[in-house]
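Morning, everyone. I have one structure to walk you through today. Let me put it on the screen.

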Amino acid sequence: MKKEKIFNIIYSALGLLISAAIGFLCGYAILEYVGKLGSGLSLPLYLLALAAGLLALALAVILQILIHEGGHLIFGLISGYGFVSFRVGSLMLLKGENGRLSFKRYFLAGTAGQCLMSPPDIEEDGYLPVGLYNMGGAMLNAIASLLFFWAYYLSSRTVILPMFFLCLGIVGLGLALMNALPMKLSGICNDGYNALTLGKDEEALNSFWKQLKMNQYMSLGYRLKEMPEQWFSLSDGEQGNNVLTASTAVFRANRLLDQQRPEEAELAIDSLLASPGNVLGLYLALLKCDKLYLRAIKGDVQSPDKATEKFMDKMKSYPSVLRTRYALSLAQGDSQKAEAYKQRFQTLSKDYPYSGELRSEQELMELAESSLASLSSLVSSI
């Protein structure tokens, strides 16, 4: 445990160092660009030039995220993976039901983009190609950065283009380093860490494969309870061994909720919350929401702590968060607020990518209604 804490400190320091270097070098590029415009700029023009530089930097970040996820896509296809979804920010291109491509909206706290693919089968000797798929993003960032540094040199006689190309190169190189150097930042394993460890850890490799298959099936409209049960199985002691097996345990708890087995789901959630270990912060926050829901449908209304409240506000359009808000409002007797959450949930159906998840959450909202109505009738009859 002490060794892990030391490594976490090293990872965090390295991440901060790379981030600081990116910020310093991009700041230099913007100030150099403003300097080329002339020292006699009035204050409004100077501020306008700075704003243009910051806008160019923001665009450079977005383009490099696009390049990074494109790298995962290209090298994933080369490795035998199939396309499922490609997201930058909250805009997602999804290969959904009937194999049709469509644009959806999906926001996930803590992620700027994501390319998800369906994996090939694990071979009999336990081999699954994970290196190129995981490292593809960093590789393409690095290649693109070299091209942008070259473009910076070629455009040196112009004003705004050198600054833009230099920012593109710096941001791309920073992203390449942040993802290629094996690190765990805020409990999240980066691409380099996954590429290095998956080939050495059979449990983690199996969980990696299972979770990609779960996502593929979710994109096709399946619910967790409709997926093969063996995808959610873990051997004794596996639950907290690493981030990927811990995530499988989270999905197992989610599946119990989808099966409307609330008592078993609550036991599974309590176990994960009691020993969070390698459970991702995002999943822990969602588990806490599920715990609030399970207590609420029994009439035991508990207020979320400050961190959970902040998370629920940030993820206010996420189906399970809306379902929890709805159940809490019903349990508190605030039918007007409950109806507002229900209406907000209904608006998700058009743009949300996972129709099976919406059906599951709709049924859990109905379970809240029936459970609390039965509880109210029981109290009235006493």
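I'll start with the whole protein, then take one helix, then two helix pairs.

First point: this is a predicted model. The protein has 382 residues, and 45% of them count as buried. Its C-alpha atoms fill a box of roughly 85 × 60 × 50 Å, taken along the principal axes. Inside that box we have 13 helices and six strands.

How do the contacts spread along the sequence? Take contacts between residues at least 6 apart in sequence. Of these, 65% join residues at least 24 apart.

Now the single helix, α9. It covers residues 281–296, which is 16 residues. What should the span of α9 be, at 1.5 Å a residue? The expected value is 22 Å. The end C-alpha atoms of α9 are 23 Å apart, so the model agrees with that expectation. Is α9 mostly covered or mostly open? Mostly covered: 13 of its 16 residues are buried.

On to the pairs. Two packed helices are described by the angle between their axes and the distance between the axes. We'll use both.

Pair one is α2, residues 43–78, with α3, residues 131–154. Their axes come within 7 Å and cross at roughly 130 degrees. An angle of roughly 130 degrees falls outside the parallel, perpendicular and antiparallel ranges, so α2 and α3 are oblique to each other. The crossing is right-handed. Who makes the contact? On the α2 side, the residues include Ile67, Gly70, Gly71, Ile74 and Phe75. On the α3 side, they include Leu132, Gly136, Gly137, Leu140 and Phe148. By class, this contact has eleven nonpolar residues, eleven polar and no charged ones.

Pair two is α11, residues 319–331, with α12, residues 335–346. Here the axes are 8 Å apart, and the angle is about 160 degrees. Angles over 145 degrees count as roughly antiparallel, so that is what α11 is to α12. The crossing of α11 and α12 is left-handed. From α11 come Pro319, Leu322, Arg325, Tyr326, Ser329 and Leu330. They meet Lys337, Ala338, Tyr341, Lys342, Arg344 and Phe345 of α12. The classes in this contact are seven nonpolar, one polar and four charged.

Put the pairs side by side. The α2 and α3 contact has no charged residues. The contact of α11 with α12 has four. The α2 and α3 crossing is right-handed, whereas α11 passes α12 in a left-handed one.

That's the tour. Over to you.

How values were computed:
Residues are numbered from 1 along each chain as its sequence is written. This is a predicted model: local features need pLDDT of at least 70, side-chain atom pairs count only at pLDDT 80 or more; totals for chains, interfaces and linings use all residues. Side-chain values use heavy atoms; hydrogens and water are left out. Helices (H or I, at least four residues) and strands (E, at least two) are DSSP runs, numbered from the N terminus. The expected span of a helix is 1.5 Å times one less than its number of residues. Buried means under 20% relative accessible area, exposed over 50%, partly exposed in between (1.4 Å probe, protein chains only). Axes are lines fitted to C-alpha atoms, for helices over the stretch in contact, and angles run from 0 to 180 degrees between N-to-C directions. Angles under 35 degrees count as roughly parallel, over 145 as roughly antiparallel, 65 to 115 as roughly perpendicular and the rest as oblique. A crossing is left-handed if the near helix is turned anticlockwise from the far one by less than a right angle, and right-handed if clockwise. Contact means heavy atoms within 4.5 Å. Ala, Val, Leu, Ile, Met, Phe, Trp, Tyr, Cys and Pro count as nonpolar, Asp, Glu, Lys and Arg as charged, and the others, Gly among them, as polar.
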